Amino acid sequence: MSGANSSSLTLGFFILNGVPGVEAAHIWISLPFCFMYIIVVVGNCGLIYLISHEEALHRPMYYFLALLSFTDVTLYITTVPNMLCIFWFNLNEIDFHTCPVQMFFVHMLTAMESGVLMLMALDYVAVCYPLRYASILTNPVIAKAGLATFLRSVMLIMPFTFLTTCLSYCQGNFIPHTYYDHMSVAKVSCGNFKVNAIYGLMVALLIGVFDICCISVSYTMILQAVVNLSSADARHKAFSTCTSHICAIVITYVLAFFTFFTHRFGGHLIPHHIHIIVANLYLLLPPTMNPIVYGVKTKQIREGVIKFLLGDKIVFT
């Protein structure tokens with residue numbers, strides 16, 4: 001009977017419980033999720049369209065921004081509709097073989113987002129070496145950097161799916177989460193998932209620490225260049241832009257590392273519903289902030305939006 005149950009669960013389906021302990025509030029929790037979904041899809045798709053059609057935005061920084069927007073939209077499309085179905089219609093079942101697919105996209109796209117944020121920090125070249133900017137960040141270099149970031153994400157995240165499908169699931173098929181996270185799925189198995197925990201932590205540290213180091217070095221160089229600007233107004237504007245970028249990056253990585261370490265070390269210290277809510281913020285908040293931080297607060301983007309809405313009636317100086 002035990003073997004039959006194991007086979008049934010392994011070849012059957014998983015059930016997502018949403019946010020455990022606050023099921024009665026699922027409708028209310030879904031409202032900000034839905035609002036963020038609209039902002040992300042409209043804002044990021046608008047940025048992609050604007051960058052592709054506005055010749056003045058055909059520059060390395062905006063190519064990276066378009067890649068970040070595409071990554072964020074794809075991440076939302078693969079996760080949020082399923083979350084809303086759980087909250088609104090209690091449609092929480094998913095086939096066992098479909099689960100690793102969503103898991104792969106969730107982790108691959110979050111890793112991709114981290115990599116693109118690191119690439120965007122390369123814009124320090126424009127500040128520190130303005131005369132060599134066009135010759136350093138050429139279109140082939142941008143394409144190769146984007147491809148390398150994508151391949152890094154795929155190669156590091158792909159083992160998650162194999163490690164998870166190799167586990168046996170004979171204890172139950174209820175997952176206390178709103179999406180299929182690697183460790184959340186591994187924890188409902190009846191096998192030893194220590195390899196999953198170690199590899200997951202290694203990947204998180206490898207991607208996170210490397211990208212944070214690159215971003216830190218880049219923004220240090222940018223701030224040093226900004227301090228040397230002769231105009232006080234230019235320094236103020238540059239500091240304002242850098243501060244908003246740094247705050248968005250810090251929020252992204254703080255939420256990410258909180259989620260990673262809670263899964264492995266804080267399961268008995270932090271209430272589970274708090275962990276799940278923070279895990280959702282880690283997934284959903286950065287893509288919501290990015291169109292605002294990197295789009296609305298960027299002068300060229302604002303001018304492009306105004307020009308798109310009003311045509312050539314407005315002339316910027």
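## A pocket to begin with

The second largest pocket has a lining of 14 residues, and Gly43, Gly46, Leu47, Ile301 and Val305 are the ones nearest its centre. Three elements give two or more residues each to this lining: α2 (26-53), α11 (272-296) and α12 (299-310). Before you look for them, keep in mind that this is a predicted model.

Which helix gives the most to the lining of this pocket? Helix α2 does, with 6 residues. The space in the second largest pocket comes to about 230 Å³. Sorted by class, the lining of the second largest pocket has 10 nonpolar residues, 3 polar ones and 1 charged one.

## The largest cavity

Now let us turn from pockets to cavities. How many cavities of 30 Å³ or more does the structure hold? There are 2. The largest cavity has a volume of about 350 Å³. Its lining is made of 24 residues, and His107, Thr110, Ala204, Phe260 and Tyr282 lie nearest its centre.

Several helices share the work here: α4, α7, α8, α9 and α10 (232-265) each supply at least two residues of the lining of the largest cavity. The biggest share comes from α10, which gives 8 residues. By class, the lining of the largest cavity holds 12 nonpolar, 9 polar and 3 charged residues.

## The second largest cavity

The second largest cavity has a volume of about 40 Å³. You can trace its lining through Val106, His107, Thr110, Tyr179, Asp181, Thr259, Phe260, Tyr282 and Leu283. Some of these names may ring a bell: His107, Thr110, Phe260 and Tyr282 line the second largest cavity, and they are also among the residues nearest the centre of the largest cavity.

Helices α4, α10 and α11 each supply at least two residues of the lining of the second largest cavity. Of the elements involved, α4 gives the most, with 3 residues. The lining of the second largest cavity divides into 5 nonpolar, 3 polar and 1 charged residues.

## Helix α7 and its neighbours

Helix α7 covers residues 139-165, which makes 27 residues. From its first C-alpha to its last, α7 reaches 40 Å, close to the 39 Å expected at 1.5 Å a residue.

Which residues of α7 are buried? They are Ile142, Ala145, Gly146, Thr149, Arg152, Ser153, Val154, Leu156, Ile157, Phe160, Thr161 and Thr164. An α-helix has 3.6 residues a turn, so residues three or four places apart point the same way. Try following the buried residues of α7 along the helix with that in mind. These buried residues pack against α3 (60-89), α4 (99-120), α8 (182-186) and α9 (194-227). Helix α7 is also one of the helices that supply at least two residues of the lining of the largest cavity.

## A sheet of three strands

Finally, look for the strands. An open sheet of 3 strands is arranged in the order β2-β1-β3, and its pairing is mixed. Why is one side of β2 and of β3 left without a neighbour in the sheet? β2 (93-95) and β3 (174-175) stand at the edges with a single partner strand each, so one side of each has no neighbour in the sheet.

The two pairings can be followed one by one. Strand β1 (residues 13-16) runs antiparallel to β2, and 3 bridges join them. One place to find this pairing is Phe13, whose bridge partner in β2 is Asp95. With β3, strand β1 pairs in the parallel sense over 2 bridges. Here you can look for Ile15, whose bridge partner in β3 is Phe174.

Technical notes:
Residues numbered from 1 in each chain as written. Predicted model: local features only at pLDDT ≥ 70, side-chain atom pairs only at ≥ 80, totals over all residues. Heavy atoms only, no water. 1 Å grid on protein atoms, 1.4 Å probe; cavity = no way out; pocket = protein on both sides within 12 Å on 5 of 7 lines; lining within 4 Å. Points joined across faces, edges and corners; volume = space filled by probe spheres on them. Helix = DSSP H or I, 4+ residues; strand = E, 2+ residues; numbered from the N terminus. Nonpolar A, V, L, I, M, F, W, Y, C, P; charged D, E, K, R; others polar. Expected span 1.5 Å × (residues − 1). Buried < 20%, exposed > 50% of the residue type's maximum accessible area, 1.4 Å probe, protein only. Contact = heavy atoms within 4.5 Å. Pairing = 2+ DSSP bridges.
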